[in-house]
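Please work through the exercises below with the structure open beside you, and try each task before reading its solution.

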Amino acid sequence: MVLIRDLAIQGAQMLLVLALAPLFTGFVRKVKARLVRRQGPPLIQPYLDLVRLARKEVVLADSASWLFRVIPYLVFAATWVAASLIPTFRTGLLFSWSADLIAIIALLGSGRFFLALAGLDVGTSFGGIGSSREVMIASLAEPAMLMVVFTLALIAGSTQLSTVAEFMASPQVGLRVSLGLGLLGLIMVAIAENGRIPIDNPATHLELTMVHEAMVLEYSGRHLALIELSSSLKLLLYVSLLACLFMPWGIETANAAVPALAIGIGAYVAKLAVGGFLLALFETSIAKMRVFRVPEFLGAALMLGLLATLLRFVSGSF
Amino acid sequence: MSRIDFDIAHLLAGTLVLISFLELYQDRLYALLNVYAAHAFVLAASVAWQAFVQDAPHLYVTAVIALLFKAIAIPVTLHRIIAKLGIHREIEKVVGVGSTMLAGIGLVALSMVVMLRVTHGADPLAREDLAFALSVVLLGLLMMVTRRNAVSQVVGFMSLENGLVLAATGAKGMPLVVEISVAFSILIAFIVIGIFLFRIRERFDTVDVQALDRYRGERR
Amino acid sequence: MTVDALTGVLAIPAIAAALLAVLPGYRLTARINIAASGLTLICALSLFVRRPATGAYLLVDDLNATFVVLTTFVGFTTSIFSASYIGHELESGRLTPPFVRFYHAMYQVLMFGMNLALIANNIGLMWVAIEMATLTTVLMVGIYRTHEALEAAWKYFILGSVGIALALFGTILVYMAARPVVGEGLDAMVWTVLVQRASAFDPALLDVAFVFLLLGYGTKVGLAPLHAWLPDAHAEGPTPISAVLSGLLLNVALYALLRFKMLLAVNTGALAPGPLMVTLGLISLVFAVFMLYRRRDIKRMFAYSSIEHMGIITFAFGMGGPLANFAGLLHMTMHSLTKSAIFFAVGHVAQAKGTQRIADMGGLTETHPMLGWSLVLGVVAIAGLPPLGIFMSEFLVVSSTFARAPLLALVLVFGILVGVAALFLRLNSIAFGQPRGPVGKTEASYVPMFAHLALVLGAGIYLPPALVAWFQNVAGLLG
Amino acid sequence: MTLTLALAGAAFQLALGVCAVIIGRAAAASRLIYGASMVVSAISLVAAVTHLLGAAASESLTLPVGLPWLGAHFRLDALSAFFLAVVDLGAASASLFALGYGEHEKTPERVLPFYPAFVAGMTLVVLADDAFTFLVSWEFMSLTSWALVMAHHRVPDNVRAGYVYLVMASFGTLALLLAFGLLAGPDGFYAFGQMRAAHPAGMIGALAMILALIGAGSKAGIVPLHAWLPLAHPAAPSHVSTLMSGVMTKVAVYGFVRIVFDLTGGPAWWWSIVVLALGGITAVMGVLYALMQHDLKRLLAYHTVENIGIIFIGLGLALAFKSYGMLFAAALALTAALLHVFNHSLFKSLLFFGAGAVLTSTGERDMEHLGGLIHRMPQTAFVFLVGCAAISALPPLNGFVSEWLTFQAILLSPQLPSWGLKLLVPAVGALLALSAALAAACFVKAYGVTFLGRPRTRTAETAAETDGFSLAAMFILAALCLVAGILPGIFIDALAPISTALLGERMPVQIGSQWLSIVPIAASRSSYDGLLVFAFIAMSGMFAAFAVHRLASDKLRRAPAWDCGYPDASPATQYTATSFAQPIRRVFGTVLFHAREQVEMPPPGDGRPARLTVEMSDPIWDWLYAPIAAAIGIAADRLNRLQFLTIRQFLTLVFCALVILLLVLAVWS
């Protein structure tokens, strides 16, 4: 009985993130447009895009291999699994103990790994640019992320996301320096990982500046749809991660009744709205930086994470 | 042994050291050879004296060898060779006579210090004799390393060997002394008239060691 | 019966020498040479089963029995090798029949000298024997009559004679020291007596004596800075002689040194000979390994490696103690076998390639696989890599030293490492890489070489207990 | 029983080597030798695994060979059994691979005799139980592998590689020799049992630890002693490179663990500082070096350096915990390190096999001349991809598990009291994370440039799939990578006896835990379930595929690549390995390798192509090895003058020696 309920909730979580992801992307676009006094596309525009892409036929480059066709599914699967492990409205998900924070990072990493391979598969110069830049960014972003995770793990005494979230929700976590540093670092990483301004501009196809888009340049049709979906899943994932770690209010614990869950979902959606708005605001108020400034940006994130961890190591009071 | 015997032996040994110094002092080959002859002669005398005081007749053989072979035969042959090979008469030195002398004195002092540490259990004659013999050996070696041309080096070696014989005969009742002196005479014969000088003469025009060194290994 | 073994060891070479001096014909003389060496070896082996009583002149104990057997064995194998080697020299016209006759005679004289030196129970006799051996080798080094050969022989001769003189002076001093205790006459030069009574000798005299003996016999051992004759003599003489020099003569000289060390070890008042030997050993080692780098002549290179190993052995005996002494003896044996095997290989290589210049050889493992790989194996052995015998001795030396005197051990290890680097630097260019030089087949006698290498390999894996017991016993004697 | 079997196996391998000397040139020789060697290794592997899983008591045996009055001691305890299994697994798979690969060998008589001997050497090292036997086997292992590196001796680079290798190997052996000399003491207690009993701690132990680190580290490839490794490993035939990279470095790790955890007494806290710092540096330097390479095999060799660094980080943590008596954490760290030993031996062998297959079918090691092989050699491409994912620590494969455990160990370390460690461990953690991320980047490059894209040369275009034996070996290893990734609990439990023996503490039993997940400390704290993640990914992937093919159109059209509408130029316009690494080179290489890029731009109207040349320098070589070589050269030149003195000058030397000694006598009293 309990198992079935847990399974149901886990499934609900998976479907929820899957359903919300395009909406959130659309929401961010809308807000951005509004902020620059444009009408902007409708909120459901991403869904429409996905459907349209799915209907189109796939145009596959001659030099593409079987790997190129498998990768979209792999990437999507990895990202989705990762996203569905993040407590959004309720902790203690059934499968949460099958992978902790480190594993989630690794899952995202494998998604990126295969995407970068896809960039190289067709054998075009743009794909190469995208992949090489992507891995360069990742090689700094991942350690930074891990350092932040270390900080949180040391504070909460666990790398288990549910435990951490519950700990964060609990009163015994006060305002801590290391937490602040961690938050900052995590935000920077999130921006980099999702290819948002100032690291990368998801809206542009200006060759010299693009990273993520260059990698997936050769994709089309349903493959492209899957990739689009997984990138918006990723964005959602990061925002909900930030939410459940640093805005844990209203998140429900494992033994919560069904009505309580409604509250949880409500709180979650509200958090997403706030996060999306802040993101849009940030993006509109800043200019994109040159690619070779990115290492400095991420280096800063890494240093923040390391500093936070060090502080934790030196004494528990930080 | 009685006092007088001791003094004479002592005197002869001392003379040997003195003559070694004289050798160091020479700068002409012929003169050097003459001095060496004297060296050998004194050695013969000293050996004979030892034979007398130790009444060890076999030592007389050594004495005779020293007299005939070293004091007469060798110098004569060397004269011949010099004349034949037309070696010029100067002795090329590495360091000047003065400093050589100083070094020699230092060596004598050293040998004294080393030898006089010997406890008085060993009889004084042996000790003094050894001290002198050691200095003669060292002086001979010094001569070998400070002289450039072969004849003088040979002479240095021979006086070194004289020192050995002096020591051997001084060692009372030492067996095989005669054999050893004979062996050494053969050795010297090897050096002087032996195959090498011979070959060398037919290959190079001088026994100057540096001429040999022109054909040192690895210089190909 | 007892006398026969010793007299055999001495008489057979003497008679053979006389015989070979008169007999003509290369084949016959070569065969006689081998036969004589073989007989000598058999006599020597009989020393294991029955030990003759020690007389006033001759003596056999664990120490020199081992050495005698080693000497006669290497002498035997070398005679086999030299048969084919000299044959080739005759064909190539580098040697003429009279010289070959002279060579064979001298070879036996050399054997006689070394055996005498080893079993002499009398320091004077030992001195005479060693000098005889030295002089014979001088003659053989000069046998090619080339400028280089003559110059090498001359250098060897002069330095050797000085060494002889110094050693004699030391011997006289020992007599002087012994006389007051033992009394005049022969007894004062007899080993067995000396060792028993040495405690009462005058220490000061013994000190001086040891200094002279160390330099005198050290010259023969080839310790730096007294080594100068060694490389050229090895490089310019016939290869069998190089093998015998490295494999045996150095050992014999060192053996003499050890005897006197035992004397000093008994006497408490005398200075400890250890430090002197350790110092000389380390100097030789470090000096030799650096000299290895710039060598262009393959035989000269291995001559320097002999200096290196003599340094290690002297170091081991200088350190003293059961482990180090055992290691020293083992290293001595292994080095003789290995180094002579290497010289066998090198001799054939030089004949096959028609040169001794390292620069003119290359890819030997391809052009002459047997020779090439045996040379590689030999160098591996001489570099002290397992599973060959020298590794065991080096293992014992280093590990036992490091616990007692870490700094010395560090110097030792440094030397060994630099040596290995140098040896393999050259080996790579000789045995590997693009083949250079002539590729023709050579008729070579592999038997001696393989025999030696097999022995070294076997010893590295398994030492027969009897031998171990002997070495341990001797190591105890050496103190 | 197991011990006897293993020893018999080693003896048999040696015998095989001897046979190979005789029949080396025969046609069927390589099939025969490799087949027999494989069978023997497989049998011994089974024995070792059963011994390990059965947690059987340690067996020991003394043969009357080796050092007299001591004999050759052999012992098989949990640690040896584990490493024996690693060795045998590597050897068996390598032999299987070589059954096919060996056919391409030009000079089999230079490979066949040494290959089984090499295997035997490694086996004996892990079984040896006294210093002498250990060192003999150790150096024998180096020697045989040296001979194998010299197999293709006509290539000058190989000869140089072999030279550097042999010198470094002797250096390492001498360091170990000193370490053992220290542990054995002046009376020469060379048996490990005696050393264990003596349990030297304090200064002796510390010195021994340092020497062991130098000795084993130089064999394992710890920076800065790694210089020989990237030269020698690629130079050997590929199946030997596999053994050297995948197995021999592990034997070196065994040596370190044996000496430091077993023979010496309780560690001092600062030992771990040394090990941790070196490990971290090694991990990052190794992967950075690898990123700069475009020779496939050399790249893999540098990754061995990186993984050795990761292993040593684990060992360092274990030391730190042990020194403060936190035995449970120590067990965790040690298990992590050992598990990584096993995993690395799996995927590194797999990758080297792949490189070997590419080498045989294209004759190329240089990635810049490859590309598009996924079309030509699909199966090799697939298994190589698995290997890349595994070594890049991507879940659900095995590489991730051991790194995850290491992270868990790092997260336990704030409880360490010492300040030095408090500051160092996070930094090391950051280095570990960095190296993991960079490794992923590096293997995107390796795989993308070699197997993806369009072929850059004719040879790459006309490559053919490799033979069945090689494929079999690779598929087996790939399967093992997956199994070890999704069922890590079994392997962790198998390692428990080791930590029990060395630390007296073990990780909790994993087999029983829910859904086969692994729980290092407590479920609330951290847990990972490879099986579930795998199933989860598979399910959602299949779901996606199902949905797409149900709902979306499955029309597909082949067309020229779009590439932003640029006309498709020659394959030369693809990204190469060098250009792919350029961003990372700019970030890390400029300082570390003095990487300089020079663009040579012809003036307008000049038809010549513009060139971009990159030059880099290896700091460690320039600052450590070159000076030493120069110093030795100078010394040699100086001393060499002594060869050319005149006789008189030599006499002067003798004379001076005499006078000096006499002076010594004079001043003695």
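The exercises that follow concern a predicted model, and each task is followed by a worked solution.

**Exercise 1.** Determine how many residues chain A and chain D each bring to their contact, and which element of chain A gives the most to it.

*Solution.* Begin with the totals: the contact takes 73 residues from chain A and 74 residues from chain D. Next, look for the elements of chain A that give two or more residues to this side, among them helix 2 (45–55), strand 1 (58–61), helix 4 (101–121) and helix 5 (125–156). Of the elements of chain A, helix 5 gives the most, with 17 residues. Finally, sort the chain A side by class, which yields 43 nonpolar, 18 polar and twelve charged residues.

**Exercise 2.** Find which strand of chain D is joined to strand 1 of chain A, and state whether the two run parallel or antiparallel.

*Solution.* Strand 1 of chain A is joined by four bridges to strand 3 of chain D, residues 556–559, and the two strands run parallel. To place one of the bridges, start at A:Val58, whose bridge partner in strand 3 of chain D is D:Leu556.

**Exercise 3.** Work out how helix 1 and helix 4 of chain D are oriented to each other.

*Solution.* First take the geometry: the axes of helix 1 (residues 2–23) and helix 4 (residues 114–127) of chain D come within 7 Å and cross at roughly 155°. Angles over 145 degrees count as roughly antiparallel, and therefore helix 1 and helix 4 of chain D are roughly antiparallel to each other. The crossing of these two helices is left-handed. Then examine the residues that make the contact, including D:Leu3, D:Ala6 and D:Leu7 of helix 1 and D:Phe114, D:Pro116 and D:Ala117 of helix 4. By class, the residues of this contact divide into 14 nonpolar, four polar and no charged.

**Exercise 4.** Locate D:Ala55 and D:His594, and decide whether each is buried, partly exposed or exposed.

*Solution.* Most residues other than glycine have a negative phi. D:Ala55, although not a glycine, has a positive phi of about 45°, and it is found in the loop between helix 2 (29–53) and strand 1 (59–63) of chain D. Phi of D:His594 is likewise positive, near 50°, and D:His594 is found in the loop between helix 23 (582–592) and strand 4 (596–600) of chain D. For the burial step, a residue counts as buried at 20 or more other C-beta atoms within 10 Å and as exposed at 12 or fewer. D:Ala55 has 15 such atoms and is therefore partly exposed, while D:His594, with 13, also counts as partly exposed.

Technical notes:
Residues are numbered from 1 along each chain as its sequence is written. Chains are lettered from A and ligands numbered from 1 in the order in which they are written. This is a predicted model: local features need pLDDT of at least 70, side-chain atom pairs count only at pLDDT 80 or more; totals for chains, interfaces and linings use all residues. Two residues are in contact if their C-beta atoms, placed from the backbone, lie within 7 Å. Ala, Val, Leu, Ile, Met, Phe, Trp, Tyr, Cys and Pro count as nonpolar, Asp, Glu, Lys and Arg as charged, and the others, Gly among them, as polar. Two strands pair if DSSP finds at least two bridges between them. Axes are lines fitted to C-alpha atoms, for helices over the stretch in contact, and angles run from 0 to 180 degrees between N-to-C directions. Angles under 35 degrees count as roughly parallel, over 145 as roughly antiparallel, 65 to 115 as roughly perpendicular and the rest as oblique. A crossing is left-handed if the near helix is turned anticlockwise from the far one by less than a right angle, and right-handed if clockwise.
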